[in-house]
Amino acid sequence: EKLKKGARVADVGCGLGASTVLMAKAYPNSEFVGFDYHDKSIEAAKQRAKEAGVGDRIKFEVSMAKNYPGRDYDFVTFFDCLHDMGDPAGAATHVRSTLTKEPG
C-alpha cells in the first residue's frame, strides 16, 4: 500500500538497476535510490532508467551496503546480493538504522 501511495525506497546492491527500474515502473508515486559499489554498473543503471522513462524518479549512487547514505527509507531491498556480501550482518544492521521511524 505504501509503495502505491508513495514511498522512499533504497535498492541496495542494485547492480545494473534492473530491480530498481522494475519497481519504479510498478510504483510511479514512489521515489527510488539504487546503491552499488561498482561504478560501471551504476553508470549502466542510470542509462537504463533513462531509457525506461523513469530516470526522473530514480537516483543511482556508488556506495557500499554497510554505509549507503540517507535516512527515513520506507522500504530497503536486497535482491540476490546480501548472501554475497563480505559482511551481511553489518549491512543488515545499517539498513535498520536507515529505516523511517513510524509512530506506533
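Colleague: Leaving aside its neighbours within four places in sequence, which residues is Tyr 27 in contact with?

Modeller: Good place to start! Bear in mind that this is a predicted model. Beyond those close sequence neighbours, Tyr 27 touches Leu 3, Lys 4, Phe 32 and Arg 57. Tyr 27 itself sits in the loop between H2 and S2. Ala 7 makes a nice companion example: 20 residues separate Tyr 27 from Ala 7 in sequence, and their C-alpha atoms are 8.8 Å apart in space.

Colleague: Does a loop position tell me about exposure? Put simply, is Tyr 27 buried, partly exposed or exposed?

Modeller: For that, you look at relative accessibility. Buried means under 20% and exposed means over 50%, with partly exposed in between. Tyr 27 has 27% relative accessibility, so Tyr 27 counts as partly exposed.

Colleague: Let's step back into the helix before that loop. Which residues of H2 are buried?

Modeller: H2 covers residues 18–26, and its buried residues are Ser 19, Thr 20, Val 21, Met 23 and Ala 24. The next thing to ask is what lies over them. Their cover includes the strands S1, S2, S3 and S4, together with helix H3.

Colleague: How do I describe the way two helices pack? At what angle do H2 and H3 meet?

Modeller: You read the angle between the axes and the distance separating them. For H2 and H3, the angle is about 25° and the axes are 9 Å apart. Angles under 35 degrees count as roughly parallel, and H2 and H3 are therefore roughly parallel to each other. The crossing of H2 past H3 is right-handed.

Colleague: And which residues meet there?

Modeller: On the H2 side you find Ala 18, Val 21 and Lys 25, which meet Arg 48, Ala 49 and Ala 52 of H3. By type, the residues of this contact are 4 nonpolar, 2 charged and no polar.

Colleague: Now the strands. In what order do they stand in the sheet?

Modeller: To read a sheet, follow the strands from one edge to the other. Here 4 strands form an open sheet in the order S3-S2-S1-S4, with parallel pairing. S3 and S4 are at the edges with a single partner strand each, so one side of each has no neighbour in the sheet. From one strand to the next, the twist averages 20°.

Colleague: How many bridges hold S1 to S2, and how many join S1 to S4?

Modeller: S1 and S2 pair over 5 bridges, and 4 bridges join S1 to S4. You can spot examples yourself: Asp 11 stands opposite Gly 34 in S2, while Val 12 has Phe 78 in S4 as its bridge partner. S2 is also mostly covered, with 5 of its 6 residues buried.

Note on methods:
Residues are numbered from 1 along each chain as its sequence is written. This is a predicted model: local features need pLDDT of at least 70, side-chain atom pairs count only at pLDDT 80 or more; totals for chains, interfaces and linings use all residues. Side-chain values use heavy atoms; hydrogens and water are left out. Buried means under 20% relative accessible area, exposed over 50%, partly exposed in between (1.4 Å probe, protein chains only). Contact means heavy atoms within 4.5 Å. Axes are lines fitted to C-alpha atoms, for helices over the stretch in contact, and angles run from 0 to 180 degrees between N-to-C directions. Angles under 35 degrees count as roughly parallel, over 145 as roughly antiparallel, 65 to 115 as roughly perpendicular and the rest as oblique. A crossing is left-handed if the near helix is turned anticlockwise from the far one by less than a right angle, and right-handed if clockwise. Ala, Val, Leu, Ile, Met, Phe, Trp, Tyr, Cys and Pro count as nonpolar, Asp, Glu, Lys and Arg as charged, and the others, Gly among them, as polar. Two strands pair if DSSP finds at least two bridges between them.
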